[in-house]
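Hi,

Here is the structure I promised to pass on. Have a look, and my notes follow underneath.

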Amino acid sequence: MTTVPPTLAADEVEPAVRGPAPARRGTLPPVARVLARRALQAVSVTLLVSTACFVIVQNLPGDMAYRIAAGRYGYDRVTTASADAVRADLGLDAPAWQQLARWWADLAQFDLGTSLVTGGSVVHELRLPVTSSLQLAATALALAVAVGAPVGMAAAWRPGGLLDRLTTVWVAGTRALPPFLLGLLLIMLFSVHLGWLPAVGHGSASNVVLPAVTLAVGLSGLFARVTRDTVAQLRGSGFVTFAETKGLRGRAVLARHVLRNAGVTLVAYVGAQALILIEGVVVVESLFAWPGLGRTLVHAIFWRDVPVIQAAAVALALLVVLINTVVDVAGLALDPRPRWRQVVP
Amino acid sequence: MSTATTTVPAHWPRWQRLRRLSPTQRCAAAALVLLGLFAVAGAWVWPDPAAQDLSRFLEPPSLAEPLGRDHLGRSVAGRLASATRLSLATAVACVATAVVAGALAGVLAAWRGGIVDTVLHGLSEAFVALPALLVVLLVSAMSGGGLWTLYAGLALAQWVEYFRVVRARSALVLSGPAVEAAGLLQLGPLHVLRRHLWPDLRPLLTTMATFGVGTSVLALSTLGFVGVGIAPPTPELGLMITEAFPYYDEAPWMSLAPALVLATVLVGLLGLRGKESVS
Amino acid sequence: MNMHVQGLVVTHTGRTLLDVDDLRLERGRAVTIVGESGSGKSLLAHAVMGTLGAGLEAQGRVVIEGTSYDVAERRARRRLWGRVMALLPQEPVLALDPTMRVRGQVAEGAASFWSDRRSGYRAAEEVLGTLGVAGAARRYPHTLSGGMAQRVAFAAATIGGARVLIADEPSKGLDDHARNDLTVLLHRHVTAGGILLTITHDLDLGRDLGGDVLVMRDAGIVERGPAHQVLITPSHPYTRRLLAAEPGRWRHLWVRDRTSGATERTADPGGPTLVQTDRVAKGFAGRTLFSDVSLTIRPGDRLALAGPSGSGKTTLGNVLLRLLQPDAGSVRHTQELAGGRLQKLYQDPAVAFPSRVPIGAALADVVRRHRPAPGRLTSLLAAMRLDESLLQRTPGQVSGGELQRLSIIRAILVDPLLIFADEPTSRLDLVTQEETMCCLMEQVERSGCALVLVTHNQALAHTVADRVLAVAG
Amino acid sequence: MVWGRPAVAGVAMVVSAVLVACSGPPGAAGGRQPRGGPNVLRVVGPFELHSLDPARSDGFFTRLRVAETLVDADGRGDLRPGLAAAWRVSDDQRAWTFSLRPDTVFHDGTKVTAETVAASLTNARGERGTPWGDAPVAAITANAGEVQVQLDRPYAPLPAVLAHAGTQVLAPASYNSDRTVKKVIGTGPYRVERIEQPSAIEVVAFEGWAGKKPDIERISYQAVGRAETRALMAESGQADVTLGIDPVSRQRVQRAAGVEIKSVTLPRTILLKVNAGHRVLGDLRVRQAVSAALDRKAMATALLRDPEMAATQFFPPSLSEWHQDSVPPLAHDPSQARELLAQAGWAPGPDGVLTRNGQRFEISLRTFPDRPELPVLATAVQAALKELGIRVNVQVGNSSEIPAGHKDGTLELGLYARNFALVPDPLVTLLNDYGPRGADWGAMGWSNAELARTLSDLADGTDAAAAAAGRQQVSGILQRELPVIPVAWYRQSAVVSDRVNGFTLDPLERSWLIDEVRWSS
């Protein structure tokens with residue numbers, strides 16, 4: 001035998017060097033690392049998105065001055081004279097790069113400029129859309145989770161059972177119903193025929209109900225489905241079986257093991273849906289006259305209101321980053337395992 | 001659902017695999033095929049979906065006009081066939097473009113790694129942060145109501161999804177032992193593509209693509225509803241629903257028909273996917 | 001107190017999977033059930049515990065502390081769990097909730113925990129302390145070594161004071177050292193007056209535990225008796241066959257003489273060098289796995305890399321194959337190894353084949369690329385006693401043993417100069433392991449290629465290899 | 001910084017709490033219960049408030065009776081005293097003097113003086129492209145408690161221009177230092193309570209209003225863009241006054257309980273603007289053929305649900321001074337249209353499209369969706385012209401593409417609705433639209449010396465008989481020459497709930513006349 005020293009070290013009771021090593025000295029703790037990475041992303045996304053918007057809007061067909069004038073004076077009072085006035089007023093004749101540089105310089109001082117159409121400060125103009133979008137998204141999500149998660153949990157308890165099959169039908173049904181149709185149906189039912197809820201408007205708590213329900217109906221089915229799949233998968237996992245044979249009762253197993261682990265999946269999923277809700281609900285906003293970000297964006301693009309487009313796009317992009325951050329941090333809080341980046345050979 | 005999950009031996013010929021479709025899948029496929037036939041045949045029966053006869057506005061359904069006429073006296077059935085054709089064709093084209101572009105970029109990024117991966121991944125991150133709505137709106141603003149820009153906008157908004165999934169999945173496959181073994185056997189990139197990546201990605205991509213077609217049809221009609229979609233009088237499902245809505249009690253057939261077609265497309269695609277796989 | 005299993009039959013769609021007429025377990029005496037995979041031994045554990053899958057029909061009775069339970073009625077025994085009977089899980093790492101600290105997972109098994117959290121935690125820390133892993137209390141499972149996880153799982157399973165402990169394949173995936181620890185723990189339970197039922201295919205564990213041994217085959221018990229008798233001088237032919245399948249007892253032409261470690265054979269020391277490493281080192285995440293390893297592999301060499309799990313033997317192998325870059329040092333391959341003449345066998349052959357493609361298609365690509373002699377594939381299949389119809393299936397539809405033999409065929413098809421086998425049989429039971437190793441070694445003998453075998457099984461290493469390189473953690 | 005799990009979970013919870021907190025305070029739910037109590041008049045309309053600037057706010061604050069103009073007008077366009085009690089013109093027709101209503105105060109309590117009025121009007125002059133900005137004004141001065149407007153040349157419609165919403169008088173405190181408007185402080189019977197741009201405004205009765213106290217104490221306005229949503233709100237009783245009801249919804253809402261439809265014909269005509277300088281459309285016969293091809297009756301019946309709205313001439317009957325019964329009506333006559341086109345040299349090609357000298361009759365039609373009936377009418381025009389063999393390419397885009405196309409000459413056909421009562425005297429609009437050089441929303445590539453002279457005479461001011469003759473001449477020329485092709489007139493509808501009565505619609509859309517509305521009980 002070759003002389004290989006028998007270095008089979010006794011398995012020390014406290015293995016200081018075995019297992020994945022603790023974080024190296026000098027590196028940041030996971031939460032700080034997530035925050036730092038996301039902060040960097042926020043800055044780069046802001047620059048990128050605003051520049052992209054600017055470049056695209058500059059290259060859209062049609063004379064910007066006319067568009068802005070149409071926004072300022074109303075659709076049937078826009079004239080060449082007013083467009084000329086707008087052009088002179090806003091300095092649209094200046095080279096594009098100068099306009100962009102000016103926007104960047106202002107941004108560095110946290111000044112988003114003024115709307116070309118209304119002349120009001122962009123920050124002021126966006127405050128309502130951002131808060132109402134968040135409000136609608138948060139309410140819809142809360143509703144969807146409140147309904148979907150328990151239903152999914154119950155369905156997972158008896159896979160293939162009545163409730164399980166019902167959620168499948170529910171998902172298919174809601175997916176086949178476009179949100180604008182659903183919204184109309186809800187207005188017809190709850191507003192016109194029953195008169196329980198206001199159809200449109202913004203301001204009082206009752207206003208948010210119908211649009212939120214419109215969004216939540218489809219989402220709740222999805223959440224129920226995801227919860228069901230996750231919980232059913234967890235119920236077959238080793239640690240849930242082990243917890244049961246340890247003598248824990250069903251409810252204790254659910255509370256101590258299933259919920260938190262299901263939360264890891266659900267939080268990520270809810271986050272992804274939140275993004276869709278915040279950016280993609282322009283239909284519901286339009287139908288319910290909800291003053292959200294999507295509608296603001298549609299109007300701003302229609303009128304070529306560049307600062308508003310840029311600011312709204314940046315706001316949306318930052319919301320994306322913010323939600324991703326919250327999801328990351330919540331994920332870290334729920335599941336301490338390190339996430340290795342997939343190494344590509 | 002149960003039969004949908006049974007594994008079909010991979011060596012079975014294609015038609016036999018078709019036979020193993022679940023009843024749900026068969027119904028869904030039949031509904032979609034019927035809809036497709038209606039859409040194609042409609043082109044012969046009603047050659048001009050924009051032909052008006054103002055004197056016959058809101059005419060109720062009859063034998064000659066199975067779905068009645070709309071507020072401009074146009075044949076609802078003819079418009080519906082044309083709209084279905086347009087919606088399905090555009091959606092399929094969008095998804096096909098997005099799948100091809102996304103999958104190619106994803107495989108490329110996962111395979112080459114390094115600078116290629118960094119650039120493509122950075123690009124996709126930017127697209128993720130850029131709201132999909134904004135992409136579609138901006139692109140469709142480039143030429144109002146043009147079908148091409150709408151197609152480009154939707155494809156542009158969707159490729160990222162495929163890129164991300166394919167990249168992650170390919171990285172997993174490529175770093176796995178099977179590909180390592182193929183490397184040791186010196187079987188070459190074509191083998192890896194054909195035997196490892198494609199079989200692994202195909203079910204994923206088909207599932208995502210059927211879902212994507214549904215999403216695209218919905219997105220098209222949604223844009224029509226908001227008023228930035230295809231310009232009238234080109235018939236489009238969302239636009240038809242919007243146009244018909246004011247007449248919902250006077251001429252219910254007008255709004256019901258496109259809504260039903262939309263629902264059929266979505267349910268059909270959903271049913272075709274067979275086993276439920278959200279997320 | 002004792003436990004009595006009577007007339008236990010488990011069937012699935014009419015097929016009998018388990019038929020045990022009578023089994024008595026007594027305090028202070030371990031009972032171990034050994035047998036091949038598929039013999040029904042795991043079902044026995046689950047039938048007794050009441051954790052059988054929903055699709056299985058069961059009948060018979062289990063008498064615990066004088067109370068008789070119908071096996072078909074699974075719910076009734078649930079309140080015994082943790083207090084009276086406990087199940088020591090397979091692969092403890094998977095049995096621990098990854099999102100919860102160890103202390104809570106142990107404490108929740110204690111009855112006191114549900115009335116007073118703090119006393120539950122105290123009890124948990126105490127038990128962990130007596131098992132020598134007090135420091136693990138505030139850690140998450142993913143930071144534990146395999147041995148520690150085993151002890152934590154033991155603590156969690158037994159903290160409720162269950163006298164009946166059922167261990168289902170407790171040594172699966174454990175290296176020798178951790179397995180010794182496990183034996184000590186199980187012994188401790190028995191000597192403290194507990195009832196122990198162990199299910200394993202590890203004959204050494206059965207010998208170490210002592211007590212009674214039951215040998216199962218095809219749903220029934222073929223032999224039973226004291227461990228020292230059954231596992232050393234068996235009477236039933238099947239048991240004899242089982243024993244003979246232990247690597248230490250193999251009798252084949254290619255088997256190396258284990259007893260005389262001095263008579264080392266190094267094939268043709270003057271021959272060409274296939275692989276040469278010079279002071280290579282490799283580590284992960286700041287931890288060094290090995291350093292200063294210098295090796296030379298020549299044609300016909302048989303080298304074993306042995307060591308506990310996680311010691312870096314697979315990594316060393318991958319460095320040898322130049323699949324991984326060493327942190328320091330260099331690895332040189334001879335020119336002749338280019339062109340695919342260096343092959344690898346994997347611990348899990350299922351992941352080494354393209355998973356959704358028929359095996360035949362994957363092999364056809366190899367044939368097309370390397371053009372072996374016509375009929376070579378067919379003759380190899382025959383030599384490995386494999387049916388050609390297997391080629392129509394995907395990897396998931398073939399058993400582990402068959403698939404490993406198919407992957408041997410794939411490696412042999414290209415006429416390799418060096419085969420690197422990474423734990424090729426660690427997931428197989430004894431009989432299949434012998435069969436697979438036979439197939440591999442016959443081909444190695446015939447072709448004269450070099451072999452590098454990675455294994456945590458010392459006996460296997462010494463049986464197969466000329467040289468054994470012990471890799472420490 | 002090492003965060004424990006509780007801390008991290010805490011952060012996540014705080015963030016979600018903040019998100020939920022945005023949902024606002026719980027308020028009174030229930031659709032029929034208006035926000036802020038039952039004593040609020042809820043007005044719903046399609047208009048969004050994008051700016052507080054009078055020139056850009058689309059007359060919001062005059063309609064809500066928050067701000068006043070010097071001159072007011074009644075439903076027929078006859079001028080009435082507004083903030084000015086009386087006005088007179090100098091003998092040379094170049095100086096107008098307005099004496100103010102005494103003892104008027106702004107909503108912030110400051111007194112209305114000639115100086116504040118002059119300053120406000122001077123500010124409003126800054127906006128070009130408005131009637132006031134374009135009027136030939138030399139100077140605005142305050143003189144002995146009166147406001148004096150000096151003109152460059154005689155301009156008879158000046159008082160009418162000063163009835164335009166862009167000239168509403170605001171208090172000095174309304175303006176920022178750069179003369180932009182920061183809030184609206186007017187003199188009307190209502191003052192602004194709350195503004196949530198762009199969709200909600202709330203006004204309350206102003207205690208300092210010297211005139212007749214309005215019965216309604218508090219009014220909320222909500223902008224709702226979609227016509228179908230507005231109709232639903234009207235039907236479900238969530239609005240007391242719903243403006244801008246589309247023809248289709250009108251049919252349905254009529255059957256709903258507890259509401260009443262109010263309609264009024266507006267001085268507004270839907271016109272097909274024609275590029276008369278165009279190689280094809282420059283031919284009068286072609287324009288006449290296009291006009292004769294339109295079945296206006298069918299279009300009005302099917303699309304506007306109101307056969308009476310089919311235009312037979314340029315001016316709607318509601319502009320009684322301008323509408324001429326003597327003018328031969330525009331009629332649907334396809335055979336005549338074909339004949340005219342044949343005379344002009346157009347013959348059907350192989351695919352049915354008319355051709356002349358190898359040139360196909362293909363033209364584009366621009367319109368915009370802001371008025372929902374326009375794209376539909378455009379589609380009908382398209383179909384009607386297709387019958388004749390004219391291929392029309394409809395482009396639905398932004399309204400500004402019509403003036404932009406006018407400027408660069410690319411416009412061929414444009415469809416829009418023209419309001420002749422932006423200023424109560426239609427003359428101001430006509431002077432602009434059909435002057436020698438045409439205008440964005442008027443003639444293009446067409447001029448008629450006789451028409452220009454007649455209009456200019458009217459503007460200089462003549463006696464009543466001469467004015468009537470002049471107006472008749474204007475109507476006649478427009479009908480003969482067809483610089484624009486009238487398609488339909490316009491009827492405005494509103495739904496009023498039976499909670500209130502006394503609501504009337506102002507044909508000039510100057511005011512919503514809410515100060516005359518009373519609670520029914």
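**Cysteines first**

The closest cysteine sulfur to that of Cys439(C) belongs to Cys438(C) and sits 6.9 Å away, too far for a bond. For a disulfide, the rule wants a pair of cysteine sulfur atoms within 2.5 Å. Over all chains, the structure holds zero disulfides. Cys439(C) is also buried, at 3% relative accessible area, and Cys53(A) is buried at 1% (buried means under 20% relative accessible area, with a 1.4 Å probe and protein chains only).

Bear in mind that this is a predicted model, where local features need pLDDT of at least 70 and side-chain atom pairs need 80 or more, while totals for chains, interfaces and linings use all residues. Residues count from 1 along each chain as written, chains are lettered from A and ligands numbered from 1 in written order, and side-chain values use heavy atoms, without hydrogens or water.

**Chain D**

An automatic or database assignment splits chain D into domain 1 (30-49 + 185-264 + 495-519), domain 2 (66-172) and domain 3 (266-491). The C-alpha centres of domains 2 and 3 of chain D are 34 Å apart. Between these two, 13 residues of domain 2 contact eleven of domain 3 (heavy atoms within 4.5 Å). Together domains 2 and 3 of chain D bury about 800 Å², 72% of it on carbon and sulfur atoms; that is accessible area (1.4 Å probe) lost on being put together, summed over both parts. Zero salt bridges turn up across this interface (a side-chain nitrogen of Lys or Arg within 4 Å of a carboxyl oxygen of Asp or Glu).

Cheers

Notes:
Buried area = accessible area lost by both parts, 1.4 Å probe. Buried < 20%, exposed > 50% of the residue type's maximum accessible area, 1.4 Å probe, protein only.
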